[in-house]
Amino acid sequence: MSLHRLAVFDGDSRVGTLEYESLEERFGFDYDPGWLATETSYSISPHILRFGKPAETGTVRRFVENLLPEGRALDIVSTTHQVAKNNIYGLIRELGRETSGALAFLPDDQAPQDQADTRREIKREELRQRIGQRSQIPFAAWDGRVRLSIAGHQDKLAVYLDADKDRMYLVEGQLASTHILKPEPLDGRLPMLVANEHFAMSLAARLGLAVPSVSILRLPDPVLSIERFDRLRNADHVRRLHIVDACQALNFPVAYKYERNFGAGRDVSHIRDGVSFERLFSISEYTVHKAVTRLSLLRWALYQYLIGNSDAHGKNVSFYCRPEGLALAPFYDLVSVVQYDSLDHDTAMAYGDEFRLQELSPFAWADFARRTGTPRPLLAREMTRMGKAALEAAPAQACAEDYIDDERAFVERISAFVHDQARQLVDHAAPMQKVDASLL
């Protein structure tokens, strides 16, 4: 039997030990007694608890798998480090020094204090060149190694921005990144994605949703800069905050981030075992402020309808892990996906039984309310409030000075779409309340 271990830290504090038996592919996690004795300790997942029965191997494996990047980013990591893509332990060993959240995974004989704190400055010209070279050199690979440990598909880079936000660095050791940079994708089917996401995130803020601060960096090609909500800057020190996404909170694997976890094919579309609105709302039971969480999730669901974000899935919602329980984190990865005809516009989660935004009806909204346990008067109030607010906020955001040249026409197109969706949302609110409950 070949047993491997990684020490898991939050800052200087050892949280526990990740164990992996390679032949049988068994995972285990044990909390450190010193961690358990502190008042500020927390469970790293609602399913890997500090006290009580140890988590099963599948639970630990799913938790770790959800920390890793997906798609092309995972291919890059696998090729660069010569670690198979299904080798979860090998990948987290290579990438786990700075994950989403607070946890750092280090060889069992190492501690964060053993690592040298380094800052490697990236000049704007170098960043521009590297973005242009992405078809030859992966964007995540810098100085001969991969610098990405963030879940998701898009090209992105975690950097530290100084207080004035005019200098950026790749950091190591106990230093932590403060921002995520996202350039325009290489895929020509997704033009002006930077302006799209900036518009969607900024409009969400105008409507009162909690979102991280975003800005467009021009090199002159646009790069979206997103302030990390799992980091807290105090003067020159950056504290990491531990989060779990909805897949981790539900103890689901990455493949279950879509409600139709086997896809929309005719023979499998009826299988809906992945993250649904109903399951997403159920996470509120683990949170400290259940009613506030449910209301925020309701507004998030309505917002996806307003902007046409058909790809709002289970890894697009996260929660802070705190000693007293979970707390909903700011929302992220907000994009009007329906602007791109080449992408599938079926929603990641059904509103009631409906996966197509253009086919939502008052009946579907009533069914959504029933499944999520949302009182219909509350849903009607939020549909009306958010719809009316969006009618004013979307055109205002489209006029913001952030957008130039063709971006202006593009965000105006999104604004027009939001206008139509908002009208529909308001119009559906009253008849939704009159749907016969016996028909649901």
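**Note on the predicted model**

1. At 44% relative accessibility, A264 is classed as partly exposed, because that class lies between the limit for buried residues, under 20%, and the limit for exposed residues, over 50%. The structure discussed here is a predicted model, and the remarks that follow should be read with that in mind.

2. The position of A264 can be described further. The residue belongs to the loop between α7 (246-249) and α8 (277-282). Once the neighbours within four places in sequence are set aside, A264 is in contact with S269 and D346. D406 offers another point of reference: A264 and D406 are 142 residues apart along the chain, and 34 Å separate their C-alpha atoms.

3. Is K315 buried or exposed? K315 has a relative accessible area of 6%, and it is therefore counted as buried, the cut-off being under 20%. Along the chain, K315 is placed in the loop between α9 (290-307) and β16. The side chain of K315 makes a polar contact of 2.8 Å with the side chain of N66. The reader may wish to locate both residues in the structure and follow this contact.

4. The domain assignment divides the chain into domain 1 (3-110), domain 2 (114-233) and domain 3 (240-439). For domain 1 and domain 2, the centres, taken over C-alpha atoms, are separated by 24 Å. To the contact, domain 1 contributes 22 residues and domain 2 contributes 19 residues. Between domain 1 and domain 2, an area of about 1700 Å² is buried, and carbon and sulfur atoms give 45% of it.

5. Which strands form the open sheet, and in what order? Three strands make up the sheet, in the order β15-β16-β17, and their pairing is antiparallel. Strands β15 (243-245) and β17 (325-328) are the edge strands, each of which pairs on one side only. From one strand to the next, the twist averages 35 degrees.

6. A closer description can be given of one pairing in this sheet. How many bridges join β16 to β17? Strand β16 (residues 318-322) is joined to β17 by four bridges, and the two strands run antiparallel. Y320 stands opposite A327, which is in β17.

7. Two residues discussed above may be set side by side for revision. K315, in the loop between α9 and β16, is buried, whereas A264, in the loop between α7 and α8, is partly exposed.

Technical notes:
Residues are numbered from 1 along each chain as its sequence is written. This is a predicted model: local features need pLDDT of at least 70, side-chain atom pairs count only at pLDDT 80 or more; totals for chains, interfaces and linings use all residues. Side-chain values use heavy atoms; hydrogens and water are left out. Two strands pair if DSSP finds at least two bridges between them. Axes are lines fitted to C-alpha atoms, for helices over the stretch in contact, and angles run from 0 to 180 degrees between N-to-C directions. Buried means under 20% relative accessible area, exposed over 50%, partly exposed in between (1.4 Å probe, protein chains only). A polar contact is a pair of N or O atoms within 3.5 Å; within protein, one must be able to donate a hydrogen and the other to accept it, and residues adjacent in sequence count only if both atoms are side-chain atoms. Domain bounds come from an automatic or database domain assignment. Contact means heavy atoms within 4.5 Å. Buried area is the accessible area (1.4 Å probe) that two parts lose on being put together, summed over both.
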